[in-house]
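This report concerns strand pairing, helix packing and aromatic contacts. The sequence and coordinates are shown here for reference.

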Amino acid sequence: MPHTLSILVENKAGVLSRVTGLFSRRGFNIESLAVGPCEEPGMSRITIVVIGDDAKVEQIMKQLNKLIDIIKVSDLTGNERVERELALIKVTAEQGASRAEIMQIATIFRASIVDVSPKSIILQVIGDTEKIDALEKLLRQFGVKEFVRTGTIGILRGPKTVASGK
């Protein structure tokens, strides 16, 4: 079962390395990882998606809480939350019918066309993992030249937060 972990950390050199090293030592494969500054100055939020049973994920969360520079660890799984990814997809698109069809697909998926050249189009799409996977699958018939995605980020719905409590 996929678990989405939100980890609030001090924004210092080496913190990400220590966090990912812990996952590696425990034999966990990180499915997705996103990190960036957050609402609290000097801190960053790491969002990691891992696949594992509840007991193993709980064990790794306890290990994470022991690391210096980790402020708070929370498993968003099972809580009401909003999760999103961003993807940029460069698709082969010659003038003509295929270009029009790609633009039609982009509209259906509420993707934005962020660049057009004589032989390619770059689409930007934001959504959950399944939406991005579905769009990529549809675009493969035209020739996906390049595909990048951010990894999942998530936030709890309502008044709950994963904050330091300061």
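The sections below treat the sheet, a further strand pair and the aromatic rings in turn.

## The four-stranded sheet

In this predicted model, four strands form an open sheet in the order β2-β3-β1-β4, and their pairing is antiparallel. The edge positions belong to β2 (30-37) and β4 (70-75); each has a single partner strand, so one side of each lacks a neighbour in the sheet. From one strand to the next, the twist averages 15°.

Five bridges join β1 (residues 2-10) to β4 in the antiparallel sense. Within this pairing, Leu5 lies opposite Asp75 of β4. Helix α2 (residues 54-66) packs on the sheet and touches β1, β3 (43-51) and β4. The direction of α2 makes about 170° with that of β4.

## The β5 and β9 pairing

Strand β5 (residues 81-92) pairs with β9 in the antiparallel sense, over four bridges. Arg81 has Leu156 in β9 as its bridge partner.

The two faces of β9 (residues 153-156) differ in their cover: Gly154 and Leu156 make up the covered face, whereas Ile153 and Ile155 make up the uncovered one. Leu156, the bridge partner of Arg81, thus belongs to the covered face.

## The aromatic pair

How many aromatic pairs does a search of the whole structure find? The search returns one. The ring centres of Phe23 and Phe28 are 6.3 Å apart and the ring planes stand at 85°, so the pair is edge-to-face; planes over 60 degrees apart are counted in that class. Phe23 and Phe28 are both buried.

Terms used. Residues are numbered from 1 along each chain as its sequence is written. This is a predicted model: local features need pLDDT of at least 70, side-chain atom pairs count only at pLDDT 80 or more; totals for chains, interfaces and linings use all residues. Side-chain values use heavy atoms; hydrogens and water are left out. Two strands pair if DSSP finds at least two bridges between them. Axes are lines fitted to C-alpha atoms, for helices over the stretch in contact, and angles run from 0 to 180 degrees between N-to-C directions. Contact means heavy atoms within 4.5 Å. Buried means under 20% relative accessible area, exposed over 50%, partly exposed in between (1.4 Å probe, protein chains only). Rings of Phe, Tyr and Trp (its six-membered ring) pair if their centres lie within 6.5 Å; planes under 30 degrees apart count as stacked, over 60 as edge-to-face and the rest as tilted.
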